[in-house]
Amino acid sequence: IVFSLGDLTEGQKLKPKQDGSRYYECLTSFILVRSDQTTTPLKSLKISENVTYDCINIYKQPGLDHPLLKNHTIQMKPSRTELNSQTGNNITQKNKIKCPDGTIPVLRNTKDFLTSANLFPENYVHPQSVDSPGTHIAGVRSHAGPYRGIQAWVYGVDLKIEKDQASYSQIYLGSGVNNKINYISAGFMINPGYILATDGKDGKGCYNTACSGFVQVSQTIPIVQPIDISPTEPSFLRPFIHQDKNTGNWWLTYLGPDKPNGDLGYWPKELFNLFDNGANMVGVGGVVKASPSGSSPPMGNGKFPDGGRRTSAIFANIDVLNSNYKQSKISSFPIEILVDSPQCYGLRVGTVKWYRRTRLGYFFNYGGPGGNSCGRMAFT
């Protein structure tokens, strides 16, 4: 699972499992949390050979090291009304994590991770970038803000891609003025490294846990979470990015039909200068980043959306919060279809007969095989 915020991105290399499957991560925004052994953990949890979480004092978490958060007071839980919940196959953690009271789980970063994190922002650009060579998109977005939040069921399945490529499915929101951008996203990414990205008013951003800024409050759900996903059976994640009505902070919550919602933490309002009254744009879609050679990886499950709704990747129950925090389908607002490379990727908005009921809400199928002739530029 990967989280991302704002301008720049970063990545960490993970070794494939011996059974051939790979790890995914969830993508959210702005600034990341990291455990680089400068803070003494109260407890450490080794989940696998390559994954260790340190239980760090919540008030000493690296996320609070950001210079804009010197006088920040931690908000322990969001002040919100619960969203309507839809049924679906929610991801369950294979390895349960539970840190002691007063601590949070933080993925331990290696020297290789920090090196990759410094290089990744130079190569991976978010969808609002003016120049995104080799980046391709298939999704929908709306500029009819201000918006206070967005959520959707996000599809994830294992794909075979090269180490210098990336393929991800995300929800995002952003605002841009005079070449300045505030940006937050969350979803799945397939990459030899995993990512969390954000952009704030300092003009910088990152992926996952390579820099400070995100304030984590959950004792059980880490901000970066490798997930073992089958290459044949898709898994679904339902991230919800929403602005707190009382504090203005931007929370990341996992919504689920059969268990309590999980509030991971938030990006403090101090990190942004264009989000005070909400975000003026929201979007959902698949994104790929080609290798320097020009070869573009598959998107979704690698299939064009030209069959039934179950044969290709899908985004479902795409809802937004308007300026008054009222929940509605994204299709309640003017939307824009984004497909910049139809020879390699496609998108088909879902339709349901008027006499049939569906629990999918507003949905669309998307994806494609990629290839060597997908073009150079994505939408801006």
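Buried means under 20% relative accessible area, and exposed means over 50%. The exercises below use this cut-off on a predicted model.

**Exercise 1. Strand β9 and its hairpin**

Task: State how many residues of strand β9 are buried, and describe how β9 pairs with β8.

Solution.
Step 1. Strand β9 covers residues 180-190, and 10 of its 11 residues are buried. The strand is therefore mostly covered, given that buried means under 20% relative accessible area.
Step 2. Strand β8, residues 166-177, runs antiparallel to β9, and 11 bridges join the two.
Step 3. Within this pairing, A186 in β9 stands opposite I171.
Step 4. The hairpin of β8 and β9 has two residues between the strands. There, N178 takes a positive phi near 50 degrees.

**Exercise 2. A sheet of three strands**

Task: Find which strands stand at the edges of the open sheet that contains β3, β4 and β5, and say why one side of each is left without a neighbour.

Solution.
Step 1. The order in this open sheet is β3-β4-β5, and the pairing is antiparallel.
Step 2. The edge strands are β3 (43-48) and β5 (103-107). Each has a single partner strand, so one side of each has no neighbour in the sheet.
Step 3. On average, neighbouring strands of the sheet are turned by 25 degrees against each other, direction ignored.
Step 4. Five bridges connect β3 with β4 (residues 51-57) in the antiparallel sense. The bridge partner of S48 is V51 in β4.

**Exercise 3. The salt bridge**

Task: Name the two residues whose side chains meet in a salt bridge, and decide whether each is buried, partly exposed or exposed.

Solution.
Step 1. The structure holds one salt bridge. The side chains of R141 and E336 meet in it, at 3.0 Å from N to O.
Step 2. R141 belongs to strand β6 (residues 135-142) and E336 to strand β21 (residues 336-339). The two residues are 195 residues apart, and the pair links distant parts of the chain.
Step 3. R141 has a relative accessible area of 7% and is buried. E336, at 31%, counts as partly exposed.

**Exercise 4. Two loop residues**

Task: Compare the settings of H72 and T351: which is buried and which is exposed?

Solution.
Step 1. H72 lies in the loop between β4 and β5, and T351 lies in the loop between β22 (346-349) and β23 (364-367).
Step 2. H72 counts as buried at 15% relative accessibility, whereas T351 is exposed at 66%.
Step 3. Leaving aside neighbours within four places in sequence, H72 is in contact with L64, V215, N249, Y266, P268 and E270. With Y266, the side chain of H72 makes a side-chain polar contact of 2.7 Å.
Step 4. Under the matching exclusion of sequence neighbours within four places, T351 is in contact with R309 and F363. Its C-alpha atom is separated by 8.5 Å from that of F364, 13 residues apart along the chain.

**Exercise 5. An aromatic pair**

Task: Describe how the rings of F272 and F275 are arranged.

Solution.
Step 1. A pair of aromatic rings is described by the distance of the centres and the angle of the planes.
Step 2. For F272 and F275 these are 4.9 Å and 40 degrees, and the pair is tilted. The structure holds nine aromatic pairs.
Step 3. F272 is buried at 3% relative accessible area, and F275 counts as buried at 1%.
Step 4. Together with W250, F272 and F275 form one aromatic cluster.

Terms used:
Residues numbered from 1 in each chain as written. Predicted model: local features only at pLDDT ≥ 70, side-chain atom pairs only at ≥ 80, totals over all residues. Heavy atoms only, no water. Pairing = 2+ DSSP bridges. Helix = DSSP H or I, 4+ residues; strand = E, 2+ residues; numbered from the N terminus. Axes fitted to C-alpha atoms, helices over the stretch in contact; angles between N-to-C directions. Salt bridge = Lys/Arg side-chain N within 4 Å of Asp/Glu carboxyl O. Buried < 20%, exposed > 50% of the residue type's maximum accessible area, 1.4 Å probe, protein only. Polar contact = N/O pair within 3.5 Å; in protein donor to acceptor, adjacent residues only side chain to side chain. Contact = heavy atoms within 4.5 Å. Phe/Tyr/Trp six-rings, centres within 6.5 Å; stacked < 30°, edge-to-face > 60°.
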